[in-house]
Amino acid sequence: MFGVGEDMVISLINQGDIPPNRGYKLFFDNYFSSSNLLCYLAEKGYCTTATIQDTRTGRCPLMDSKSMNKKERG
């Protein structure tokens, strides 16, 4: 459907029988995430948090990584 990593997330959600809209929070690393997957899971009712690779942000209006690295943290 999406890609190897994204399909793995969906497969694990289905195998784990994790119901949507029940307060579960899903966390995953950048290998398994994309903006399309996050939108898809949000539409299905899942709360997700993920790191994401620069090449997988799609058309999200994010600051480029060089500018982000120069900013102060915290």
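A residue is called exposed when its relative accessible area is over 50%, and buried when that area is under 20%. With this cut-off in hand, the predicted model can be read step by step. Asp17 has a relative accessible area of 66%, so Asp17 is exposed. Asp17 is found in the loop that joins α1, residues 4–15, to β1. The phi angle of Asp17 is near 50°, which is a positive value in a residue other than glycine. Asn21 gives a second example of a positive phi in a residue other than glycine, with a value near 55°. Asn21 also has its place in the loop between α1 and β1. Its relative accessibility is 65%, and therefore Asn21 counts as exposed.

A wider view of the protein chain helps to place this loop. The secondary structure comes to 3 helices and 2 strands, and from the N terminus on the elements run α-β-α-β-α. Along its principal axes, the C-alpha trace spans about 40 × 25 × 20 Å. The protein chain has 74 residues, of which 19% count as buried.

The two strands come next. Strand β1 covers residues 25–28, and its two faces can be told apart: Leu26 and Phe28 form the covered face, whereas Lys25 and Phe27 form the uncovered one. Between β1 and β2, the strand of residues 47–50, there are 4 bridges, and the two strands pair in the parallel sense. How does the chain get from β1 to β2, and which hand does the crossover have? The path from β1 goes through helix α2, residues 35–44, and this β-α-β crossover is right-handed. Partners can also be named residue by residue. Lys25, from the uncovered face of β1, has Cys47 as its bridge partner in β2. Leu26, from the covered face, stands opposite Thr48 in β2.

Helix α2, the link in that crossover, has two sides worth following on the structure. Which residues of α2 are buried? They are Ser35, Leu37 and Leu41. These three lie on the same side of α2 because they cover an arc of only 160° around the axis. A general rule is useful to keep in mind here: an α-helix has 3.6 residues a turn, so residues three or four places apart point the same way. On the other side of α2, the residues Asn36, Ala42 and Glu43 are exposed.

The last part of the picture is empty space. Such space is revealed by rolling a probe the size of a water molecule over the atoms. The largest pocket holds about 190 Å³ of space. Which residues line the largest pocket? The lining is made up of Ile52, Gln53, Asp54, Thr57, Leu62, Met63, Asp64, Ser65, Met68 and Asn69. Sorted by class, this lining has 4 nonpolar, 4 polar and 2 charged residues.

One of the lining residues, Ser65, lies in helix α3, residues 65–70. Is Ser65 buried, exposed or partly exposed? With a relative accessibility of 32%, Ser65 counts as partly exposed, because that class holds the values between the two cut-offs. Ser65 can finally be set against Leu26 of β1. The two residues are 39 residues apart along the chain, and their C-alpha atoms are separated by 24 Å.

Key. Residues are numbered from 1 along each chain as its sequence is written. This is a predicted model: local features need pLDDT of at least 70, side-chain atom pairs count only at pLDDT 80 or more; totals for chains, interfaces and linings use all residues. Side-chain values use heavy atoms; hydrogens and water are left out. Buried means under 20% relative accessible area, exposed over 50%, partly exposed in between (1.4 Å probe, protein chains only). Two strands pair if DSSP finds at least two bridges between them. A crossover is right-handed if, with the strands pointing away from the viewer, the path from the first strand over the helix to the second runs clockwise. On a 1 Å grid over the protein atoms alone, a cavity is a set of points where a 1.4 Å probe fits but cannot get out, and a pocket is an open set with protein on both sides within 12 Å along at least five of seven lines; lining residues have an atom within 4 Å of a point. Grid points are joined across faces, edges and corners, and a volume is the space filled by probe spheres set on the points. Ala, Val, Leu, Ile, Met, Phe, Trp, Tyr, Cys and Pro count as nonpolar, Asp, Glu, Lys and Arg as charged, and the others, Gly among them, as polar. The arc is that of the directions from the helix axis to the C-beta atoms.
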